[in-house]
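Trainee: Can you walk me through this one? I'd like to go piece by piece.

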Amino acid sequence: MFPEIVVDLAAVRHNVRALREHTGVASMTVVKADGYGHGMVEVARAAREAGSEWIGVATLDEALALRSAGDRGRLLCWLTFPGADWAAAIDADVDVTAYTVAELDEIAATGRPARVQLKIDTGLSRGGATRDSWPAVVERAKQGERDGSWRITGIWSHFAASDEPDHPANDAQEQAFLEALELADGLDPEVRHLANSAAGILRPSSRFDLVRFGLASYGLDPAPGHTPDLGLVPAMTVRAPLALAKPIPAGAGVSYGHTWVADTPTTVGLVPIGYAEGVLRSASNAARVLVDGKQRAVRGRICMDQFVVDLGGDLPDPGTEVVLFGRGAHGEPTAQDWAEVAGTISYEIVTRIGGRLPRRYVDA
Ligand SMILES: *Cc1c(COP(=O)(O)O)cnc(C)c1O
C-alpha cells in the first residue's frame, strides 16, 4: 500500500439522503474548498445522485470549475468581490450572491439575464447586506427584476453559533432574517435559507425552504455534544503504510526538539506523511493512530513529511497499515478525535488533509 486518502462516495450519498429526510426540505450540498478535502467534483456528483437539489460553493472559480467538470443543476456561489467575472458565472448558469447595490449594478452591466440571490447579514458580521442598506438593496433588486436584468432566486443568511443551540445569537438571527424577508415584500424568491449543518439538524424553525449542508454531508458532527444520532457515516479515511519499526532505548528523544523522551526501552514506528499533507503539527504528542488493530500514540513533533508513533514493544512489519482517522468503526480514531487533540474542529482536519496524498474513491 501507499499513503492515500480514501473517500467513500456511498457514505456521501447516504448522508445526503439521511439529512434531507431528517429536515423534510430541499438541500444544498456545500462542496467548497475541494469538497472539504474530499474532492469537489466527485462529491457534487454523488450529492446530485442522492437527490440534493442544489450545490453550494464559496467562490465563482469553484462554480466554474464544477461546470467545466460537467456539473449541471442549480449551483450557488457566494464569495464574490468587486470586478468578479459575473458574466462568466451567468453564462455558466450559476446563481450568484449579491450583498450590495454596487454588486447588483455590476451584474446589470453584464447585460445578461442573471439569477441572483441576496444575502442579508443577520448577525455574523461577515458577508451580507447590513440591516441599514437592506431596503436599498431590495429596491435595486426589484428594479432589476422589472427591467429584466435578473430574477431574484433566493434570500439568505448565515448563523454565527448554530453549533451552540442555546446561544442567544440563534434566536436573534432568525428574528432578523424574518424581518429582512418582510422588508423584501415584492420579491418572490424560490428559496429562503438560513441554516447550515448544525442549524439544519438542530433547529427546525431555521430550515425555511432549504438547508445548506456542508460538514454533515461528509458524515462529521457539526455540533459535538448536541447532535442526535442520524446514522451519518464519515466518508474520509486517511491511511499510510508503516515505513519502519525499530527499538529505541530508554532515554531516547523522539523527533525534533526531543519533546518526548522514552522512559523505558520501547519500539517506534515511522509514518511517512506529515504536516505537508495537512497532518496538523498541533497534534504532536497528542493524536493517536490505528496500527495493526491497536491505537498507538504519536510521539514527539509531527514533521513536514513524517511522524513517529509508539509501538510499545511490538515490531509490526514495515508496510503494515496505519489509519490516521476514518469512520471509527474498526477502532480507528475519527477526524473529530484529531480535532479535539489538535485544538480545532473537524472541518479543519479534513479540509487541510491533502498535500502529496492521492485521493481514491470507493463505493463501500
Ligand atoms: C461553509 C458554509 C456552509 C456549510 O456549513 P456547514 O457548517 O459545513 O454545514 C453553509 N453556508 C455558508 C454560507 C457557508 O460558508
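Mentor: We'll take the whole chain, then the ligand, then some single residues.

Mentor: This is a predicted model, where local features need pLDDT of at least 70, side-chain atom pairs count only at pLDDT 80 or more, and totals for chains, interfaces and linings use all residues. Residues are numbered from 1 along each chain as its sequence is written, and side-chain values use heavy atoms, with hydrogens and water left out.

Trainee: How many helices and strands does the chain have?

Mentor: There are 11 helices and 19 strands. Both are DSSP runs numbered from the N terminus: helices are H or I with at least four residues, strands are E with at least two.

Trainee: And what box do the C-alpha atoms fill?

Mentor: Roughly 80 × 40 × 35 Å, taken along the principal axes.

Trainee: What share of the residues is buried?

Mentor: Of the 364 residues in the chain, 54% are buried. Buried means under 20% relative accessible area, exposed means over 50%, and partly exposed is in between (1.4 Å probe, protein chains only).

Trainee: What about the accessible surface of the chain?

Mentor: The total is about 15,000 Å², and carbon and sulfur atoms hold 50% of that. Such areas come from the Shrake-Rupley method with a 1.4 Å probe; for residues, only the protein chains shown count as cover.

Trainee: Ligand next. Which residues are the closest to the ligand?

Mentor: Lys32, Tyr36, Ser197, Leu215 and Tyr347 are the closest of the 14 residues that surround the ligand. To count as near, a residue needs a heavy atom within 4 Å of the molecule.

Trainee: Which N or O atom of leucine 215 lies 2.8 Å from the ligand, backbone or side chain?

Mentor: A backbone one, and its partner is an oxygen atom of the ligand. The protein buries 95% of the 390 Å² that the ligand exposes when taken alone.

Trainee: Which ligand atoms pair with the side chains of arginine 212 and asparagine 196?

Mentor: For arginine 212, a nitrogen atom of the ligand is 2.8 Å from a side-chain N or O atom. For asparagine 196, an oxygen atom of the ligand is 3.1 Å from a side-chain N or O atom.

Trainee: Back to Lys32. What does UniProt list for it?

Mentor: An unreviewed UniProt entry lists Lys32 under "modified residue: N6-(pyridoxal phosphate)lysine". UniProt positions are given in the numbering used here, feature names are shortened, and annotations may be inferred rather than shown by experiment.

Trainee: Where does lysine 32 lie, and what is it in contact with?

Mentor: Lysine 32 lies in helix 2, residues 32-36. Leaving aside neighbours within four places in sequence, lysine 32 is in contact with Gly56, Val57, Ala58, Glu62 and Trp78. Contact means heavy atoms within 4.5 Å.

Trainee: Why does lysine 32 count as partly exposed?

Mentor: Because its relative accessibility is 26%.

Trainee: New topic. Where is serine 149?

Mentor: Serine 149 is in the loop between helix 7 (134-146) and strand 7 (150-156). Its relative accessibility is 12%, so serine 149 counts as buried.

Trainee: Which side chain does the side chain of serine 149 make a polar contact with?

Mentor: That of aspartate 147, at 2.6 Å. A polar contact is a pair of N or O atoms within 3.5 Å; within protein, one must be able to donate a hydrogen and the other to accept it, and residues adjacent in sequence count only if both atoms are side-chain atoms.

Trainee: What about aspartate 71?

Mentor: Aspartate 71 sits in the loop between helix 4 (60-68) and strand 4 (74-77). Its side chain makes a polar contact with the side chain of arginine 67 at 3.1 Å. Aspartate 71 is buried, with a relative accessible area of 9%.

Trainee: Last one. What is the sign of phi in aspartate 93?

Mentor: Positive: phi of aspartate 93 is near 65 degrees, and this residue is not a glycine. Most residues other than glycine have a negative phi. Aspartate 93 lies in the loop between helix 5 (86-91) and strand 5 (95-98).

Trainee: And asparagine 285?

Mentor: Asparagine 285 has a positive phi too, of about 60 degrees. Asparagine 285 is in the loop between strand 14 (266-271) and strand 15 (288-291). With a relative accessible area of 34%, asparagine 285 is partly exposed.
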